[in-house]
Amino acid sequence: MDYRGIFEDAVDVLRQEKRYRVFADLERIAGKFPRAVYRDDADNAREITIWCSNDYLGMGQNDKVVAAMQETAGALGTGAGGTRNISGTNRPLVRLERSLADLHRKEAALVFTSGFVSNEAAISTIARLIPNCLILSDQLNHASMIAGVRHSGMEKKIFRHNDMAHLRELLEAAGKQRPKLIIFESVYSMDGDQAPIEEIADLADEYNALTYIDEVHAVGMYGPRGGGICERDGLMDRIDIIEGTLAKGFGVMGGYVTASRPIIDAIRSYAPEFIFTTALPPALCAAARASIEHLKSSDVERRAHQAQAARTKEVLQEAGLPVMPTETHIVPVIVGDARACKAASDLLLEKHNIYIQPINYPTVPKGTERLRITPTPLHDEEMIFALRDALLSVWETLGLPTHIPAERLTVDALSSGDLTLPTTGG
């Protein structure tokens, strides 16, 4: 048996389809975000501008956050020393969970090593503990949520993206007596659209369903204290479980869920992803808490972020580039072909010192391949115009279309396919 050949062939398939992922060797420069040092395969170094970071507010280099990490590492050391049950429940982690519960106005919170793990663990555990639970999942939910659904082993129904009439049909068919869990996101990261949270909450009340929302692309960035879209719209009390990340708006690492004390206690007690995983180190916990507490009281970063995101959209749209309309900070520029998308990303880096990772199938549907741009408060006017000029140059060099058919630029077009759970997500 040629075991080596099996794996080489599997990777070759991805290369042929232009879906093979290449990782950029980057060194973020403290105090100069979004600038970074890029090193190519020959170890040649040059400074570039990152336009696709999920450190949406630049909090990963905030002075308070960096100081909290440094001071805590100096005082408590590096690792946590074990799982939460075996000596790993450190004081900064306890304080972090209290801060998160307060952020979302819930009774309790539970921290995981990543947002992927928190979604997979929480969804699968909650559903397994509810007898005969039916999971109703939005068609464009993230891969981590899909993993949670699959791992639960419970029956699932997929509703068309943000289609409340379809969700109502599925709820009606299930009946009011059957236990149900509705899972969805507040901000969908590839298209930049938002869920109709209030309508989902109304349906959940009407049909006696539990609600679970993923706010990973919204926490820190929306709401008076950074509690996400639910806080901004005054809906936190309408949602039973709120999941988030520490790695995007808060600029550190980790994931979490917040809910009533019994739900959190059940996840803590039954989820193997939590029970058998080493706890987050004290320094990371302290840094995350410093970021959260800063953003609870400071709106400067959020206002600047929204202003720069709006400005970036405006400049790119005025230049005639195929920007998908969004109501959030996500700025997708449609290419529509996997090979062309990779070529555009490569050319931006090689010629213009701009890094934007190509987003191809299966993260997005075929024919909607794109460059996903994420402006931050620290992308200034000069950077925005440099981005515009670079994109126009790349579009001309590669002969890319500047006018994508309207049906390819709408979120509805992405919801018209087969209602099955994909194997991955954005």
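The protein exposes about 18200 Å² of surface, and carbon and sulfur atoms supply 51% of that area. The structure described here is a predicted model.

**Overall form**

The secondary structure of the protein comes to 15 helices and 14 strands. Its radius of gyration is 22 Å, close to the 22 Å that the globule rule gives for 426 residues, so the protein is as compact as a globular protein of that length. Taken along the principal axes, the C-alpha atoms fill a box of roughly 60 × 55 × 55 Å.

Of the 426 residues in the protein, 55% are buried. Among contacts between residues at least 6 apart in sequence, 73% join residues at least 24 apart. As for charge, the protein has 46 positive and 58 negative side chains, and the centres of these two sets lie 4 Å apart.

**Strands β5 to β8**

Strand β5, residues 134-138, is mostly covered, with five of its five residues buried. In a regular strand the side chains alternate between the two faces of the sheet. From β5, Leu134, Leu136 and Asp138 point one way, while Ile135 and Ser137 point the other way; all of them are buried.

Strand β7, residues 180-185, is likewise mostly covered: six of its six residues are buried. Here Lys180, Ile182 and Phe184 point one way, and Leu181, Ile183 and Glu185 point the other, again with all of them buried.

These two strands are joined to each other by four bridges and run parallel. Strand β5 also runs parallel to strand β6 (residues 155-159), to which five bridges join it. Strand β7, for its part, pairs with strand β8 (residues 210-214) in the parallel sense over five bridges.

**Two open sheets**

Four strands form an open sheet in the order β1-β2-β3-β12, with mixed pairing. Strands β1 (25-28) and β12 (354-355) stand at its edges, each with a single partner strand, so one side of each is left without a neighbour in the sheet. Strand β3, residues 45-50, pairs with β12 in the parallel sense over two bridges.

Another open sheet consists of three strands in the order β11-β14-β13, and its pairing is antiparallel. Its edges are β11 (331-334) and β13 (358-359); each has a single partner strand, so one side of each is left without a neighbour in the sheet. Between β11 and strand β14 (residues 370-373), the antiparallel pairing extends over four bridges.

The table sets out residues that face one another in paired strands.

| Residue | Opposite residue | Strand of the opposite residue |
|---|---|---|
| Leucine 136 | Lysine 157 | β6 |
| Isoleucine 135 | Leucine 181 | β7 |
| Phenylalanine 184 | Isoleucine 213 | β8 |
| Threonine 49 | Isoleucine 354 | β12 |
| Isoleucine 334 | Arginine 370 | β14 |

**A residue in helix α13**

Glutamine 308 lies in helix α13, which covers residues 300-318. With a relative accessible area of 16%, glutamine 308 is buried, because buried means under 20% relative accessible area. Leaving aside its neighbours within four places in sequence, glutamine 308 is in contact with Pro375, Thr376, Pro377, His379, Asp380, Glu381 and Ile384.

Definitions and conventions
Residues are numbered from 1 along each chain as its sequence is written. This is a predicted model: local features need pLDDT of at least 70, side-chain atom pairs count only at pLDDT 80 or more; totals for chains, interfaces and linings use all residues. Side-chain values use heavy atoms; hydrogens and water are left out. The radius of gyration is taken over C-alpha atoms; the globule rule is 2.2 Å times the number of residues to the power 0.38. Buried means under 20% relative accessible area, exposed over 50%, partly exposed in between (1.4 Å probe, protein chains only). Contact means heavy atoms within 4.5 Å. Accessible areas come from the Shrake-Rupley method with a 1.4 Å probe; for residues, only the protein chains shown count as cover. Lys and Arg count as positive and Asp and Glu as negative; His and the chain ends are not counted. The place of a charge is taken as NZ of Lys, CZ of Arg, CG of Asp or CD of Glu. Two strands pair if DSSP finds at least two bridges between them.
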